[in-house]
Every structure is written in C-alpha cells, then in structure tokens.
Amino acid sequence: MAQKQKTPWDSHIFIKILSILVLASAFIWELSDIVHFPSIFWPIATGFSSRVHINKLTDGFGATLVGLDFINMTDDDIKALEKIIWTHKLVLVRGNKMSLPPVELHHFSRRFGTLAIHVEGASRLQDFPEITRISNIRDNTKNTTIGLSGKHVESFHADLSWSENPATLSILQSVKKPAHGGDTIFIDTQAAYEDLPQFVKDALDGSTGKYCYLKLMKEIAKLSASEIAAAEKCAIHPIFRLHPIINKVGIYANPSDTTVINEVKDRSDSDYWLRYLFDHVENSPHRYVHRWQNNDLLFWDNRAVQHKATGCPPDEPRLLYRTLVLEK
Ligand SMILES: O=C(O)CCC(=O)C(=O)O
C-alpha cells in the first residue's frame with residue numbers, strides 16, 4: 001500500500017517556523033535599542049517616523065511611550081499618537097529631560113484640535129488661557145488656590161462632561177509633585193461597563209443623563225457671579241457612551257457631574273441607579289493609580305476612562321498643567 005507523503009503540517013514544521021519567526025522578530029526589536037536600524041522600519045512598528053517604544057502600563061489598559069520627541073512631530077506622528085491613545089485609553093510619556101514649557105505644551109496640544117478655555121478664570125495661565133493649573137498652592141491675595149483642587153478633581157469624572165462640547169482628550173503635565181500622595185486614579189470605564197450585570201445594561205440602555213458643572217461646584221464659593229452664570233449650564237449626554245472610533249461602550253455617568261437620569265420617571269429610582277453606577281466605577285478592579293514624577297505627561301481618552309485625584313497634604317505644593325481637546 002502506498003504510504004501517505006508527510007507534509008510540513010503533519011510534523012508541525014509550520015508551527016516551528018512560525019515560532020522561530022516570532023522569536024526572531026522579538027529579538028530584532030530588542031536589538032533595535034542597540035543597533036541603529038534604517039528609519040524606514042520605524043513606521044511599520046509604531047506608525048511614528050522616529051524610534052518610539054510602547055510598553056504596557058497595566059495588564060488591562062494604558063501604555064508607556066519611550067523616546068517621543070514632542071517638538072519635532074510630523075502630522076503623521078500626531079495621528080499615530082492619537083491612534084495609540086484611543087487604543088490604550090491612557091498613555092504615559094515619562095523621562096522627559098526638561099519640563100515642556102507652557103508655550104510648547106500649548107503648541108503641541110493644539111495639534112490635536114480645538115482647546116477648551118476653562119470656565120474658572122483664576123485657574124488659567126495668564127499667557128495661555130487654554131492651559132489650566134491644577135494646584136493646591138494658595139494665592140493669599142485672593143484667599144483661594146491658584147488652580148483647580150479639592151472637590152473639583154477628587155471625585156470621578158470625565159473632563160467637561162457637563163458641557164455640550166466635552167473633552168475627548170486630556171493632556172496633563174506634572175510640574176511640581178508633593179512629597180506625599182497627589183496621585184491620580186484612572187478607571188477603564190469600558191471594561192467596567194462589560195462587568196455590569198446584563199439586567200443593568202438592559203435597564204439603562206439608551207438612557208441619557210443631565211450633566212451639570214455646578215453639581216459639586218456650587219458648594220465652592222470661589223467662582224465669580226459671571227462664572228457661576230456661565231457654569232450653571234448643563235448638558236445632556238448618554239449614561240453609557242459608545243466610542244465612535246473604538247466602537248466600545250463605556251460608563252459615562254459620573255459622580256462629579258451627573259445629576260439625574262432623564263428617562264427614569266421617579267427621582268429616587270434615578271438616584272438609586274446613579275449611586276449603583278458610581279459605586280460600580282469606584283470599586284472597579286480595572287484601575288491604574290498614577291504616582292507622578294515631575295515632567296510626566298499623561299494623555300487620556302475621556303470616552304474610555306474616568307479619573308480623580310487622591311489629594312495630598314495641604315502644606316505640600318502640587319502643580320500640574322492641563323489642556324483639554326474638545327470633541328468638536
Ligand atoms: O489632579 C489630578 O490628579 C487630576 C486632575 C483632574 O481631575 C483633571 O485634570 O480633570
């Protein structure tokens with residue numbers, strides 16, 4: 001009887017060849033730190049025109065970029081960075097030798113779209129009103145802090161969710177970190193949505209919420225009358241938000257701004273569901289706690305994560321600069 005010819009599939013040669021190729025690629029990629037490969041290969045790996053490495057920040061979400069040169073980025077580099085932010089939801093750039101001066105942060109941020117000017121005038125940088133200070137440093141002449149602090153940043157939120165034109169991308173740079181605390185916690189709200197029981201997803205599917213800036217801010221006396229008038233506006237947004245690029249749903253309702261679920265007729269039922277969602281996000285295991293180093297830059301997608309500051313001792317100065325890229 002004729003014996004069946006042995007094929008590569010039979011002896012698993014194909015699998016072996018594939019494994020060798022994968023190992024070889026990993027080796028070459030590691031080697032690229034030492035050997036200077038022609039720049040033609042860089043865009044294939046990351047989309048950047050210069051050599052940039054991407055590492056994971058947590059098992060679930062977030063990435064660290066090493067080697068990014070903010071000053072000389074091409075338009076394609078900006079697109080590549082955007083893609084990485086939408087994919088990983090949160091991106092850390094660490095190891096910048098110098099602090100990015102406000103003029104560069106402003107210039108760089110504008111390349112992603114229109115920047116917000118925050119409603120709270122006292123927190124704006126004088127020469128660059130699109131840069132907001134986040135800070136506990138006191139301005140004794142005005143009996144306030146020079147930047148947003150406390151309740152403004154210490155409960156989970158998505159930036160500008162109270163506005164009709166909220167922020168898609170936030171860029172936060174650490175200028176002065178306190179000796180203790182001052183961390184920022186991020187929750188992957190798309191993974192948190194996945195964890196919700198099906199009956200909750202069904203019950204709130206398609207619902208919208210009323211998102212108001214003054215939900216917490218009205219307790220804070222440092223706004224001027226005109227700022228209060230401007231800030232009193234509320235916006236309607238979905239409770240669960242579909243990301244238009246990534247096509248995943250995330251929990252957008254947040255304890256900082258969401259006041260009521262419009263389609264739930266009974267106010268106590270609405271309060272119940274909101275408390276349920278806020279607790280679910282607060283206790284979600286899909287989290288990353290960022291311990292700042294000076295000059296760190298963090299980018300995040302407000303359609304995919306919520307964040308809050310942990311606070312720090314009031315006598316330890318903390319200062320960060322933030323820009324927000326608007327959705328439209
Ligand atoms: O201060 C922080 O750690 C977070 C800042 C914040 O909440 C924001 O930029 O919206």
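In what sense do β4 and β17 pair, and over how many bridges? I would like to open with that pair, and I should say at once that the model we are looking at is predicted. The answer is that β4 and β17 pair in the antiparallel sense, and that 4 bridges join them. To place one of those bridges on the chain, T132 has R322 in β17 as its bridge partner.

Let me stay with β4, which covers residues 132–135. In a regular strand the side chains alternate between the two faces of the sheet. In β4 we find T132 and I134 pointing one way, while R133 and S135 point the other way, and all of them are buried.

Just after that strand comes N136, in the loop between β4 and β5 (138–139). Is N136 buried or exposed? N136 has 23 other C-beta atoms within 10 Å, and a residue counts as buried at 20 or more, so N136 is buried. Its C-alpha atom is separated by 6.2 Å from that of P317, although the two residues are 181 residues apart along the chain. If we leave aside its neighbours within four places in sequence, N136 is in contact with T145, S149, C312, P314, P317 and R318.

That leads me to the chain in general. There are 9 helices and 17 strands, and buried residues make up 37% of the 328 residues. Of the contacts with a separation of 6 or more, 76% are between residues 24 or more positions apart.

Now to the ligand. Which residues surround the ligand? They are I134, V153, D159, S170, L172, T184, H307, A309, L320 and R322. You will recognise I134 from β4, and R322 as the bridge partner of T132. The elements giving two or more residues to this shell are β7, β16 and β17, the last of these being residues 319–326. Sorted by class, the shell has 5 nonpolar, 3 polar and 2 charged residues.

Next, the nonpolar core. The largest such core has 63 residues, and those with the most contacts inside it are L90, V91, L169, I251, L298 and F299. Strand β7, residues 167–176, gives the most to this core, with 5 residues. For L298, leaving aside its neighbours within four places in sequence, the contacts are L90, L92, L172 and H290. L172 in that list is also one of the residues around the ligand.

I turn now to two open sheets, beginning with the one that involves β16. Here 3 strands lie in the order β14-β8-β16, with antiparallel pairing. Why is one side of β14 and of β16 left without a neighbour in the sheet? Both β14 (287–290) and β16 (305–309) stand at the edges and each has a single partner strand, so one side of each has no neighbour there. From one strand to the next, the twist averages 20°. β8, residues 184–188, pairs with β14 over 4 bridges, and within that pairing I187 stands opposite R287.

The other open sheet also has 3 strands, in the order β10-β9-β13, and the pairing is again antiparallel. Its edge strands are β10 and β13, each of which pairs on one side only, and the twist from one strand to the next averages 30°. Between β9 (residues 208–212) and β10 (residues 234–238) there are 5 bridges, and one pair of bridge partners there is C212 with C234. Between β9 and β13 (residues 258–261) there are 3 bridges, and Y211 has T258 as its bridge partner.

Finally, two residues whose backbone angles may be worth a look on the screen. L160, in the loop between β6 (144–145) and β7, has a phi near 60°, a positive value in a residue other than glycine. N295, in the loop between β14 and β15 (297–301), has a phi near 80°, again positive in a residue other than glycine. As for their surroundings, L160 is buried, with 23 other C-beta atoms within 10 Å, whereas N295 has 17 C-beta neighbours inside 10 Å and therefore counts as partly exposed.

Technical notes:
Residues are numbered from 1 along each chain as its sequence is written. This is a predicted model: local features need pLDDT of at least 70, side-chain atom pairs count only at pLDDT 80 or more; totals for chains, interfaces and linings use all residues. Two strands pair if DSSP finds at least two bridges between them. Axes are lines fitted to C-alpha atoms, for helices over the stretch in contact, and angles run from 0 to 180 degrees between N-to-C directions. A nonpolar core is a set of buried Ala, Val, Leu, Ile, Met, Phe, Trp, Tyr and Cys residues joined through C-beta atoms within 7 Å. A residue is buried if 20 or more other C-beta atoms lie within 10 Å of its own, exposed if 12 or fewer, and partly exposed in between; C-beta atoms are placed from the backbone. Two residues are in contact if their C-beta atoms, placed from the backbone, lie within 7 Å. A residue is near a molecule or strand if its C-beta atom, placed from the backbone, lies within 6 Å of it. Ala, Val, Leu, Ile, Met, Phe, Trp, Tyr, Cys and Pro count as nonpolar, Asp, Glu, Lys and Arg as charged, and the others, Gly among them, as polar.
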